[in-house]
Amino acid sequence: MKKLKFYLIGLIPGLIIVFFVLNKKGASCSGYLPNSRVIAETLSKDFKYSENFQNEMNIYKVKEKFLKETIITQGKIDFDKSHAQKQPCPDYILVYPKDQPIYEINFEKCKEEVTFNSIKKLN
C-alpha cells in the first residue's frame, strides 16, 4: 500500500506537468487517428484530377484552393464506403462538412499521387 501511495504521489503531478507542457506547445494526439492520417497523407502528395472531376468542379463552382484548404482539411473520411485496403491504390470517400455533408468526393491515394475521380453535391 505504501508503494502505491508513492507511485500516485509521483504520477499525478507528473501527468499534470506533462499535460500543461504539451498543451502550451500546441501538441495534440489527433494526428494519429485514421481520418487525420489519410487527410495528411493526401495533402502531402501531388494532385491529379480526372476529366469527370474537373467538369464537376466547374458545374458546382468549386475552386482548387477551396478544395485543398477547406474541403479536404475539414472533411471526414467515410471508412464504411471506402476501400482502404485496396492495392495498390486505396480509394476513399470524403464528405464535407463533417455534420450534414454537402459534398462527397471520391479519390484514390497512390504512392506518389492522389487522383480525384468524382465530386457530388448531396443537397
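Let me begin with one term: a residue counts as exposed when its relative accessible area is over 50%, and as buried when that value is under 20%. With that in hand, hello everyone, and welcome to a short tour of this structure. Please keep in mind that what we have here is a predicted model.

Let's put the term to use straight away with Gln100. This residue sits in the loop between S3 and S4. Its relative accessible area is 72%, which is over 50%, so Gln100 is exposed. Its backbone deserves a look too: phi is near 50 degrees, a positive value in a residue that is not glycine. For background, most residues other than glycine have a negative phi.

Lys61 also has a positive phi, near 55 degrees, and again the residue is not a glycine. You can find Lys61 in the loop between H3 and H4. With a relative accessibility of 69%, Lys61 counts as exposed.

While we are on the backbone, let me show you some peptide bonds. As a general point, most peptide bonds are trans. The one from Gln87 to Pro88, however, is cis, with omega near 0 degrees. Pro88 belongs to the loop between S2 and S3. There is also a cis peptide bond between Tyr96 and Pro97, where omega is about -15 degrees. Pro97 has its place in the loop between S3 and S4, and that loop is where we met Gln100.

Now to the cysteines. How many disulfides does the count come to? The count comes to one disulfide. Its partners are Cys89 and Cys110, whose sulfur atoms are 1.9 Å apart. The pair ties together distant parts of the chain, 21 residues apart: Cys89 is in the loop between strand S2 (76-77) and strand S3 (91-96), while Cys110 is in the loop between strand S4 (103-109) and strand S5 (113-121). In case it helps, a disulfide is a covalent bond between the sulfur atoms of two cysteines. The link of Cys89 and Cys110 is right-handed, with 115 degrees about the S-S bond.

Are these two cysteines buried or exposed? Cys89 has a relative accessible area of 16% and is buried. Cys110 is buried as well, at 17%.

Let's move to Lys109, in strand S4. Is Lys109 buried or exposed? Its relative accessibility is 10%, and because that is under 20%, Lys109 counts as buried. The side chain of Lys109 makes a polar contact of 2.7 Å with the side chain of Glu41. Setting aside residues up to four places away in sequence, Lys109 touches several others, among them Val38, Thr42, Tyr92 and Val114. Cys89, from our disulfide, is also on that list of contacts.

Across the S4-S5 loop we come to Glu112. Here the relative accessible area is 60%, and Glu112 is exposed. Apart from neighbours within four places in sequence, Glu112 is in contact with Lys45 and Asp46. The C-alpha atoms of Glu112 and Phe47 are 9.4 Å from each other, although the two residues are 65 apart along the chain.

Phe47 leads us to the aromatic rings. A search of the whole structure turns up 10 aromatic pairs. Take Phe47 and Tyr49: their ring centres are 6.4 Å apart and their planes stand at 80 degrees, so this pair is edge-to-face. Tyr49 counts as buried, at 18% relative accessibility. Ring pairs also build a cluster, which links Phe47, Tyr49, Phe53, Phe79, Tyr92, Phe107 and Phe116. And Phe47 has another partner: Lys68 lies over the face of its ring, 4.8 Å from the ring centre.

My last stop is the largest nonpolar core, which has 20 residues. Which of them touch the most other members? They are Phe53, Leu67, Ile71, Ile105, Phe107 and Phe116. Helix H2 (34-43), strand S1 (46-49), helix H3 (51-60), helix H4 (64-74), S3, S4 and S5 each give two or more residues to this core. If you want one residue to click on, try Phe53. Not counting residues up to four places away in sequence, Phe53 touches Leu67, Ile105, Phe116, Asn117, Ser118 and Ile119. Phe53 is also part of the ring cluster we just looked at.

That's my tour, and thank you for listening!

Terms used. Residues numbered from 1 in each chain as written. Predicted model: local features only at pLDDT ≥ 70, side-chain atom pairs only at ≥ 80, totals over all residues. Heavy atoms only, no water. Disulfide = S-S within 2.5 Å. Helix = DSSP H or I, 4+ residues; strand = E, 2+ residues; numbered from the N terminus. Buried < 20%, exposed > 50% of the residue type's maximum accessible area, 1.4 Å probe, protein only. Polar contact = N/O pair within 3.5 Å; in protein donor to acceptor, adjacent residues only side chain to side chain. Contact = heavy atoms within 4.5 Å. Core = buried A, V, L, I, M, F, W, Y, C linked by side-chain atoms within 4.5 Å. Phe/Tyr/Trp six-rings, centres within 6.5 Å; stacked < 30°, edge-to-face > 60°. Lys NZ or Arg CZ within 6 Å of the ring centre and 35° of its normal.
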